[in-house]
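Please look at the sequence and the structure shown here, and keep both in view while you read. The paragraphs that follow start from a single residue and then widen out.

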Amino acid sequence: MVNELLEGIHLVASLEAISLGVKVGIHPWIIYNIISNAARNSWVFKNHVPNLLQGNTKHHFLSTFVQKLVRYIVINSFSDPIFWLYVASGSIKGVW
């Protein structure tokens, strides 16, 4: 789970970098070429960002990542006694 979480964080940071460059007028593929050829390039950037820049929304890595993350949060939250003490205390009345 930690691996998927770090991959998701890295992907979001990569997309933020491209978004920042686009806002100042640089074409996204130019930004991709600069970052992917830099010394601190990453597997996540080189393998996932091109699919998103090409508009390939059928790529399944995001749905898999979200499913694993939600499953992890739900399993850990509902099995944690502190979560149930928090619910029993009435602290989250507006949420339920």
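Ser14 is buried, with a relative accessible area of 5%, and buried is the right word because that value falls under the 20% cut-off. Everything said here rests on a predicted model. Ser14 sits in helix 1, which covers residues 2–23, and, if residues up to four places away in sequence are not counted, Ser14 touches Phe45 and Val49. Both of these partners appear among the buried residues of helix 3, which are Val44, Phe45, His48, Val49, Pro50 and Asn51. Phe45 itself has a relative accessible area of 2%, so Phe45 counts as buried.

With this starting point in mind, it helps to step back to the whole chain. The chain has five helices and zero strands, and reading along the sequence gives the pattern α-α-α-α-α. Of its 96 residues, 21% count as buried. The chain exposes about 7100 Å², and carbon and sulfur atoms supply 65% of that area. Among contacts between residues at least 6 apart in sequence, 53% join residues at least 24 apart.

Helix 2 is a good place to go next. Which residues of helix 2 are buried? In this helix, residues 28–36, the buried ones are Ile31, Tyr32 and Ser36. When helix 2 is seen down its axis, these buried residues fall within an arc of 120°, and therefore they line one face of the helix. A general rule helps in picturing such a face: an α-helix has 3.6 residues a turn, so residues three or four places apart point the same way.

The aromatic rings come next, and a general remark prepares for them. A pair of aromatic rings is described by the distance of the centres and the angle of the planes. How many aromatic pairs does a search of the whole structure find? The search finds two. In one of them, the rings of Trp29 and Tyr32 have their centres 5.5 Å apart and their planes at 80°, so this pair is edge-to-face; the reason is that planes over 60 degrees apart count as edge-to-face. Trp29 and Tyr32 both belong to helix 2, where they are three residues apart, about one turn of the helix. Trp29 has 29% relative accessibility and therefore counts as partly exposed, whereas Tyr32 is buried, with a relative accessible area of 9%.

Tyr32 also takes part in a pair with Phe45, in which the ring centres are 5.3 Å apart and the planes are at 15°, so that the pair is stacked. Here the angle is under 30 degrees, which is why the word stacked applies. Because Tyr32 lies in helix 2 and Phe45 in helix 3, residues 43–53, this pair ties together parts that are 13 residues apart in sequence. Trp29, Tyr32 and Phe45 thus form one aromatic cluster, and Phe45 is the residue already met as a partner of Ser14.

Trp29 gives a further view of how helix 2 meets the part of the chain that follows in sequence. Leaving aside neighbours within four places in sequence, Trp29 is in contact with Pro50, Leu53 and Gln54. For one of these partners the separation can be given in two ways: Trp29 and Leu53 are 24 residues apart in sequence, and 7.7 Å apart in space from C-alpha to C-alpha. Just after helix 3, Gly55 takes a positive phi of about 80°.

Two residues remain that are not buried. Val22, in helix 1, is partly exposed, with a relative accessible area of 40%, and, again leaving aside neighbours within four places in sequence, Val22 is in contact with Pro28 and Ile31. Ile31 is one of the buried residues of helix 2. Ile30, which lies in helix 2, is partly exposed at a relative accessible area of 45%. Together with Val24, Ile26 and Ile34, Ile30 forms a nonpolar patch on the surface, and the four residues have about 380 Å² of accessible area together. Helix 2 therefore holds buried residues such as Tyr32 as well as the partly exposed Ile30.

How values were computed
Residues are numbered from 1 along each chain as its sequence is written. This is a predicted model: local features need pLDDT of at least 70, side-chain atom pairs count only at pLDDT 80 or more; totals for chains, interfaces and linings use all residues. Side-chain values use heavy atoms; hydrogens and water are left out. Buried means under 20% relative accessible area, exposed over 50%, partly exposed in between (1.4 Å probe, protein chains only). Helices (H or I, at least four residues) and strands (E, at least two) are DSSP runs, numbered from the N terminus. The arc is that of the directions from the helix axis to the C-beta atoms. Rings of Phe, Tyr and Trp (its six-membered ring) pair if their centres lie within 6.5 Å; planes under 30 degrees apart count as stacked, over 60 as edge-to-face and the rest as tilted. Contact means heavy atoms within 4.5 Å. Patches are made of residues with over 30% relative accessible area and no salt bridge: like charges are joined within 9 Å, nonpolar side chains (Val, Leu, Ile, Met, Phe, Trp, Tyr) within 5 Å. Accessible areas come from the Shrake-Rupley method with a 1.4 Å probe; for residues, only the protein chains shown count as cover. A salt bridge is a side-chain nitrogen of Lys or Arg within 4 Å of a carboxyl oxygen of Asp or Glu.
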